[in-house]
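Thanks for coming, everyone. Please look at the sequence and the structure as they come up, and then I will walk you through them.

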Amino acid sequence: MKKGRNTYLLIGLIALTAICFAACGGTQGVEKVNTDSNGYAVRGFDTVAYFAASNAVQGDPRFEYAWNGAKWLFSSLENLEKFKRNPEIYAPQFGGYCAYAVSHGHTADGDPQAWKVVNGKLYLNYNPEVKQMWEKEQEQFIKDGEKNWAEFQKKKPERQG
């Protein structure tokens with residue numbers, strides 16, 4: 001009889017663990033921010049500079065800020081402060097993954113040199129050639145990407161680059 005009760009306790013513990021894992025989110029979805037091997041978002045480029053200078057500018061480790069599970073670098077204290085005040089404005093869409101890839105149902109790294117600001121939002125693409133393909137139907141690809149990105153929060157997509 002004791003062995004039977006222990007079996008039921010073990011089954012209950014396994015079920016409880018599974019429920020807790022599901023309720024806590026586990027690792028089901030995609031990472032909120034695409035980071036490099038050093039934990040930097042946008043490979044350490046200054047996201048504010050895309051808006052303020054209309055240019056891709058490498059960040060400086062002296063101006064580092066942790067946000068949304070990633071380290072963000074900025075080229076100046078002024079840009080760091082702008083980001084701190086409202087990071088959602090300056091953070092790239094789709095967590096910095098390639099906008100073309102996300103619109104097609106998977107993820108790939110975004111290249112800080114293959115970027116575009118559209119309607120006040122920053123988008124990265126895998127490389128300049130992919131950016132050109134994305135621009136041909138960018139309005140539709142943005143819509144598709146937004147739909148897919150919402151799904152990626154629930155279920156991690158295939159990574160293709």
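**Where two helices meet**

Let's start at one contact. From helix α6, the residues M133, W134, E135 and K136 meet Q138, F141 and I142 of helix α7. What kinds of residues make up this contact of α6 with α7? They divide into 4 nonpolar, 1 polar and 2 charged.

One word of caution before I go on. This is a predicted model.

Now the geometry. In general, two packed helices are described by the angle between their axes and the distance between the axes. Here α6 covers residues 128-136 and α7 covers residues 138-152. The two pack at an angle of about 95°, and their axes are 5 Å apart. That makes α6 roughly perpendicular to α7, because an angle of 65 to 115 degrees counts as such.

**The whole chain**

Let's step back. The chain has 161 residues, and 40% of them count as buried. Its secondary structure comes to 7 helices and 4 strands. How do these elements run from the N terminus on? The order is α-α-β-β-α-α-α-β-β-α-α.

Next, the contacts. Take those between residues at least 6 apart in sequence. Of these, 58% join residues at least 24 apart.

And the surface. The accessible surface of the chain comes to about 9,700 Å². Carbon and sulfur atoms account for 53% of it.

**The hairpin of β3 and β4**

On to the strands. β3 spans residues 111-118, and it pairs with β4 in the antiparallel sense. There are 5 bridges in that pairing. Two pairs of residues are worth finding on the screen. W115 has L124 in β4 as its bridge partner. V117 stands opposite L122, again in β4.

Is β4 enclosed or open? It covers residues 121-125, and 4 of its 5 residues are buried, so the strand is largely enclosed by the rest of the structure.

What sits between the two strands? The hairpin has 2 residues there. N119 is found in this loop between β3 and β4. Its phi is near 50°, a positive value in a residue other than glycine. Is N119 buried or exposed? N119 is exposed, with a relative accessible area of 77%.

Now look at V118. Its place is in strand β3. At 10% relative accessibility, V118 counts as buried, because the cut-off is under 20%. Which residues does V118 contact, leaving aside its neighbours within four places in sequence? They are Y123, W134, Q138 and I142. You have met some of these names already: W134 is in α6, while Q138 and I142 are in α7. So much for the list; here is a distance. V118 and I142 are 24 residues apart along the chain, and their C-alpha atoms are separated by 9.5 Å.

**Three residues outside the strands**

First stop, A41. It lies in the loop between α1 (2-23) and α2 (47-52). A41 is buried, with a relative accessible area of 0%. What does A41 touch, not counting residues up to four places away in sequence? The list is V33, N34, T35, A70, K71 and W72. W72 is 31 residues away from A41 along the chain, yet the C-alpha atoms of the two are separated by 5.5 Å.

Next stop, F94. Find it in the loop between α4 (87-90) and α5 (99-103). F94 has a positive phi of about 55°, although it is not a glycine. You heard about a positive phi at N119 too. N119 is exposed, whereas F94 is buried, with a relative accessible area of 6%.

Last stop, P157. Where does P157 lie? In the segment after α7. P157 is buried, at a relative accessible area of 15%. Not counting residues up to four places away in sequence, P157 touches V30, G105, H106, T107 and F152. One distance to note: the C-alpha atoms of P157 and V102 are separated by 9.0 Å, and these two residues are 55 apart along the chain.

**To close**

Three things to keep. Helix α6 is roughly perpendicular to α7. Strand β4 is largely enclosed by the rest of the structure. And V118, in β3, is in contact with W134, Q138 and I142, among others. Thank you.

Note on methods: Residues numbered from 1 in each chain as written. Predicted model: local features only at pLDDT ≥ 70, side-chain atom pairs only at ≥ 80, totals over all residues. Heavy atoms only, no water. Buried < 20%, exposed > 50% of the residue type's maximum accessible area, 1.4 Å probe, protein only. Contact = heavy atoms within 4.5 Å. Areas by Shrake-Rupley, 256 points an atom, 1.4 Å probe, with all protein chains shown as cover. Pairing = 2+ DSSP bridges. Axes fitted to C-alpha atoms, helices over the stretch in contact; angles between N-to-C directions. Parallel < 35°, antiparallel > 145°, perpendicular 65-115°, else oblique. Nonpolar A, V, L, I, M, F, W, Y, C, P; charged D, E, K, R; others polar.
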